[in-house]
Amino acid sequence: MDASWQPPVASIESVQRALAPLLILVATMVAAADDGLSRMRESGIMRWGCDISGAAPFTFPDPANPDRIIGFEVEIAEELARRLGVRAERFSADWLALIDALDADRCDLLINGFEVTADRERVVAFSRPYFRYTQQLVVRAEDRERFASLEDLKGRPIAVLNGSASIDSLRSAGVPASLIIQYDDSLAPFTETVLERVDACLQESLIARFYAGHDPRLALVDATFDPGVYAVIVRKDDEALLASVNGALEAMQADGTLGRILQRWGLWSDAQRELGTDRGPIVATIPEAIGTPPEDGLPWSLVLWSLARAAAMTALLTVLSMPIATFLGLLLAIAILHGPKPISRLCRGYVLVMRGTPLLVQIFLLYYSLPALGAWLGIPELLTWNKVIVGIVCLAANYAAYEAEIHRAALHAIPRSQWDAACALGFTRWQTLRFIVVPQSWRLSLPAIINDLNSLIKDSSLVSMIGVQELLAVALGIGKASFAVPSMLVAAAAFYLALSLLSDWFGQALERRARAVRSLPEPIHR
């Protein structure tokens, strides 16, 4: 298992706390819509939510073919959809944001290792359980004898997955919050243990076995504790859908279908019988269920193809959002400097708000509130935007505020004599702006705009939080599933560098064109 690294992004948990009042409103508004089962049968599609980035053995990219998503919950979802008489369609988003996506009617149900907890039961409805797990400690191999139980780790830092039931288990055992180190993906706690940044990690047993069971640097602590269960999540008021899901799950448990799926993924244990799951015929464990790096290394031809397509998505987000941001920024700057006072103040307020709030918050607000607003107004189709469209709109709206300040500075840089000369020639105020001032200020603003274009290429990675499979999200997903995060990050960095060099080349070409018509000063240094 290689060391993993994650880029610094805004905490999903803090964003959720900030948006809590809105999300409650969203859930209330969606509740007014038709029940999920009727809409599902009418469309013929069961939209099931999951996080495919670093979610083995639940849902994750196949290390041998990154375009294929596998996992025991993928098979459960497909069988569940078949029994409900519809087709399964996967909806992807960050794991901590999936319940918000369900409340916003972005999907019909969630199947992604959600533990049944009292906190969650207050906001969503759980189906009958489909898997029983226990909590399991993982320590470094040399510490196997030294740390044989949770008591032996008293006063030592322990890594966990953010939002998981492992946190509640540690709190119940009296572990102080300062010693519970939370990470946003399943692989990171194991990596931190190997790197000796923490003394152990606590994960649910199936996750611990997948990531640490075959790693000679790590050891599974035999004593497990705090059993729990996973279940399908539906909206609180979706009683008809819940009843249908429960009926299908019960049938899958009784006829051995669920038992066969668990055997295929090496997850069967006698504890599953307590949930009413019949084992069914004995089935061999598939190779993908064993958490080890690919024996022949990564299939780089397939990996690079996946990264190239993800880079194309990153380029699409950038190419579509930056021109919009630049044009809107120019309009904002003109309105601030030359518009009527009310409009000037309104535009200045827009710039202050958009620059003063995190881009991630803006993405979440638009993505999760629009469908609920549409349902409330009776036009859900009109306001349920595709996640890529939401990403483009949010990136453009956010960067427009920054471009407005660039344009404002460039407009200020045009000498007053230009205005006086235009006035002497009989130009009106708006003719002067259009034909004299703006063309000159535009050329002056080019270097700063190209600099922001480079920044936008990287900031586009934030839209992965709503499930857009852009470059960084795809690289991390493949890296975590293949135990090769550093290699994938280097590959992703190479693609980002190529995109940045292209944007620099484009900017230089624009500047050369501007100088060719003698509208930009020649550079001092050649």
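In this predicted model, strands β6 and β9 (residues 200-204) pair in the antiparallel sense over five bridges. Within this pairing, V138 stands opposite C201 of β9. Strand β6 also has a partner in strand β10 (residues 218-235), again antiparallel, with 12 bridges between the two; here A125 is matched with V234 of β10. Of the 17 residues of β6 (residues 124-140), 13 are buried, so the strand is largely enclosed by the rest of the structure.

A similar description fits helix α8 (residues 205-212), where seven of the eight residues are buried, so that this helix too is largely enclosed by the rest of the structure. The buried residues of α8 are S205, L206, I207, A208, F210, Y211 and A212. One of these, L206, reappears in the largest nonpolar core, a set of 81 residues in which L206 is listed with M46, F72, L109, Y130 and W265 as having the most contacts inside the core. A second core, separate from that one, holds 55 residues, including A97, L110, Y399 and A400.

Turning to the surface, L373, W376, L377, I379 and L382 together make a nonpolar patch of about 520 Å². Helix α13 (residues 359-377) supplies the largest share of this patch, with three residues. L382 belongs instead to helix α14 (residues 380-383), and its relative accessible area of 58% makes L382 exposed, because the cut-off for that class is over 50%.

Two backbone conformations deserve a closer look. Most residues other than glycine have a negative phi. D226, which is not a glycine, nevertheless has a positive phi of about 50°. D226 is found in strand β10 and is partly exposed, at 36% relative accessible area. F483, likewise not a glycine, has a positive phi of about 55°. F483 sits in the loop between α18 (471-482) and α19 (485-516), and its relative accessibility of 3% places F483 among the buried residues.

Another buried loop residue is T277, with a relative accessible area of 3%. T277 is placed in the loop between α10 (257-264) and α11 (300-338), and its side chain makes a polar contact of 3.2 Å with the side chain of Q253.

Charged pairs are spread over the model, and a search of the whole structure finds 26 salt bridges. Side chains of opposite charge can pair when their charged atoms come close. In helix α3 (residues 72-84), R82 and E79 lie three residues apart, about one turn of the helix, and their side chains meet in a salt bridge of 2.6 Å, N to O. R82 is exposed at 54% relative accessible area, whereas E79 is buried at 14%. R217 and D215 form another salt bridge, with an N to O distance of 3.1 Å; R217 is partly exposed, at 33%, and D215 is buried, at 7%.

A further helical example comes from α16 (residues 416-424), where D420 and R416 are four residues apart, about one turn of the helix. An α-helix has 3.6 residues a turn, so residues three or four places apart point the same way. The side chains of D420 and R416 meet in a salt bridge of 3.6 Å, N to O. D420 counts as partly exposed at 42% relative accessibility, while R416 counts as exposed at 58%. Elsewhere, R39, R47, D105, D108, R235 and D238 are joined into one network by salt bridges that share partners.

Technical notes:
Residues numbered from 1 in each chain as written. Predicted model: local features only at pLDDT ≥ 70, side-chain atom pairs only at ≥ 80, totals over all residues. Heavy atoms only, no water. Patch = residues over 30% accessible without salt bridge, like charges linked within 9 Å, V, L, I, M, F, W, Y side chains within 5 Å. Areas by Shrake-Rupley, 256 points an atom, 1.4 Å probe, with all protein chains shown as cover. Salt bridge = Lys/Arg side-chain N within 4 Å of Asp/Glu carboxyl O. Buried < 20%, exposed > 50% of the residue type's maximum accessible area, 1.4 Å probe, protein only. Core = buried A, V, L, I, M, F, W, Y, C linked by side-chain atoms within 4.5 Å. Pairing = 2+ DSSP bridges. Polar contact = N/O pair within 3.5 Å; in protein donor to acceptor, adjacent residues only side chain to side chain.
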